[in-house]
Amino acid sequence: MGAPTLATAQARALWALLLASLGSVSSQPLCTARPLAEYSITFTGKWTQTAFPKQYPLFRPPAQWSSLLGAAHSSDYSMWRESQYASNGLREFAERGEAWALMKELQAAGEQLQSVHEVFSAPAVPSGTGHTATEFEVHARHSLVSFVVRIVPSPDWFVGVDSLDLCDGDRWREQVTLDLYPHDAGTDSGFTFSSPNFATIPQDTVTEITASSPSHPANSFYYPRLKALPPIARVTLVRLRQSPRAFVPPSMHLVGRGNEITDSLSVPETPLDCEVSLWSSWGLCAGPCGKLGAKSRTRYVRVQPANHGAPCPELEEQAQCVPDNCV
């Protein structure tokens with residue numbers, strides 16, 4: 001009986017050493033919580049014309065969100081990450097909303113690397129404000145969660161979460177709420193929501209879109225008067241305590257009708273300044289002979305002001321001149 005006991009002790013020691021070495025290599029802290037936990041995930045769109053008045057899509061198509069695609073995984077897998085290149089699967093999803101290639105990548109990561117525990121999805125949201133929800137399972141060795149939702153319409157823009165750890169040492173986190181901001185997949189160079197396809201060559205890395213970056217007046221999220229964009233969406237994850245897959249709605253204090261959501265906090269008003277074109281050329285100088293005449297030039301409004309933004313300047317200007325062909 002002594003030999004098996006010694007062998008068992010040695011095996012346990014080796015296993016502990018292996019776990020410790022893996023923990024030192026990986027940036028993910030060792031999770032010692034109960035092996036399995038169930039969570040609900042609720043995605044809430046906050047993309048309103050009040051908060052994002054510039055070029056807000058009203059039709060063909062109107063502002064909306066794609067389906068949500070996510071995974072519970074270990075630190076060996078990354079669905080997306082800022083400052084890194086998007087995979088082919090993420091590119092297809094961010095540009096066209098096609099999930100097949102990304103699903104194949106998730107499946108391969110689960111089969112070959114054993115790094116994906118579960119893949120989950122939630123239905124699309126057919127307006128800029130609304131919510132969608134689903135449930136998923138995490139494991140002590142697969143305690144990270146990542147997901148993406150495409151901004152529709154857009155060149156290659158999305159929101160999401162990268163490797164959120166739901167394990168806190170020896171326990172599972174009860175609830176997590178995060179504000180979400182737009183990201184650029186780095187695969188299409190369009191500046192506006194409705195830009196035609198214009199591939200980025202060479203491909204760029206994933207970056208967060210801010211009120212000043214990309215620094216171009218044509219960009220749909222360019223608001224130079226703001227220090228930071230308001231959140232365009234929010235996600236809430238709640239640990240479930242009932243029987244498996246029993247959905248418990250998060251306590252978000254939301255009220256609304258249909259797909260419209262009104263948060264308990266007021267919707268931020270983003271000021272949008274008026275934008276006008278360049279002046280046209282001066283018109284002909286008209287007037288009687290021997291006297292000064294008048295000429296004029298015009299410009300037009302490119303962007304109407306909104307939410308107490310700067311008003312439009314004068315659109316017509318006149319100046320005195322000497323008539324060329326007097327009457």
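**Group meeting: two sheets, two helices and some backbone details**

Pro153 has its place in the loop between β5, residues 144–152, and β6, residues 157–165. I start there since the peptide bond leading into that proline, from Val152 to Pro153, is cis, with omega near 0°. What you have on the screen is a predicted model, and every value I quote is computed from it.

There is another cis bond to look at. The peptide bond from Arg60 to Pro61 is cis as well, and its omega is near -15°. Pro61 sits in the loop between β1, which covers 36–46, and β2, which covers 64–73.

Now the overall content. The chain has three helices and 16 strands. Of its 327 residues, 43% are buried. If you take contacts between residues at least 6 apart in sequence, 72% of them join residues at least 24 apart.

Next, the sheets. One is an open sheet of six strands, ordered β3-β2-β5-β6-β10-β11, with antiparallel pairing. Its edge strands are β3, residues 116–122, and β11, residues 207–208, and each of these pairs on one side only. Within that sheet, β6 runs antiparallel to β10, residues 183–184, and two bridges join them. If you want a residue pair to find on the screen, Phe158 stands opposite His183 in β10. As a reminder, strands of a sheet pair through backbone hydrogen bonds, either parallel or antiparallel.

Another open sheet has four strands in the order β4-β1-β12-β9, and the pairing is again antiparallel. Which strands stand at the edges of this sheet? They are β4, residues 129–139, and β9, residues 175–180; each has a single partner strand, so one side of each is left without a neighbour in the sheet. From one strand to the next, the twist averages 15°. The partner of β9 is β12, residues 233–239; the two run antiparallel and are joined by six bridges. Here Gln175 is placed opposite Val238 in β12.

On to the helices. α2 lies across β2, β5 and β6, and runs at about 35° to β5. α3 lies across β2, β3 and β5, at about 155° to β3. Both helices therefore have β2 and β5 among the strands they lie across.

How do these two helices pack against each other, and at what angle? α2, residues 88–96, and α3, residues 100–112, pack at about 150°, and their axes are 7 Å apart. With the cut-off for roughly antiparallel set at over 145 degrees, that angle makes α2 roughly antiparallel to α3. The crossing of α2 past α3 is left-handed. On the α2 side the contact is made by Asn88, Gly89, Leu90, Glu92 and Phe93; on the α3 side by Ala101, Leu102 and Glu105. Sorted by type, the residues of this contact are four nonpolar, two polar and two charged.

Staying with α2, its residues Gly89, Leu90, Glu92, Phe93, Ala94 and Glu95 are buried. What covers the buried residues of α2 includes β2, α3, β5 and β6. Just after the helix, Gly97 takes a positive phi of about 75°.

Gly97 is a glycine, but positive phi also turns up elsewhere. Gln55 has phi near 55°, a positive value in a residue other than glycine. Gln55 is in the loop between β1 and β2, the loop that also holds Pro61. Is Gln55 buried, partly exposed or exposed? Its relative accessibility is 37%, so Gln55 counts as partly exposed. Ser83, in the loop between β2 and α2, has a positive phi of about 70° although it is not a glycine. Ser83 counts as exposed because its relative accessibility is 58%.

Last item, Pro323. This residue lies in the segment after β16, which spans 316–321. Pro323 counts as buried because its relative accessibility is 12%, under the 20% cut-off. What is Pro323 in contact with, leaving aside neighbours within four places in sequence? The contacts are Cys285, Ala286, Gly287, Pro288, Lys291, Leu292 and Gly293. Taking Gly287 from that list, Pro323 and Gly287 are 36 residues apart in sequence, while their C-alpha atoms are 5.9 Å apart in space.

Terms used:
Residues numbered from 1 in each chain as written. Predicted model: local features only at pLDDT ≥ 70, side-chain atom pairs only at ≥ 80, totals over all residues. Heavy atoms only, no water. Axes fitted to C-alpha atoms, helices over the stretch in contact; angles between N-to-C directions. Parallel < 35°, antiparallel > 145°, perpendicular 65-115°, else oblique. Left-handed = near helix turned anticlockwise from the far one by under 90°. Contact = heavy atoms within 4.5 Å. Nonpolar A, V, L, I, M, F, W, Y, C, P; charged D, E, K, R; others polar. Buried < 20%, exposed > 50% of the residue type's maximum accessible area, 1.4 Å probe, protein only. Pairing = 2+ DSSP bridges.
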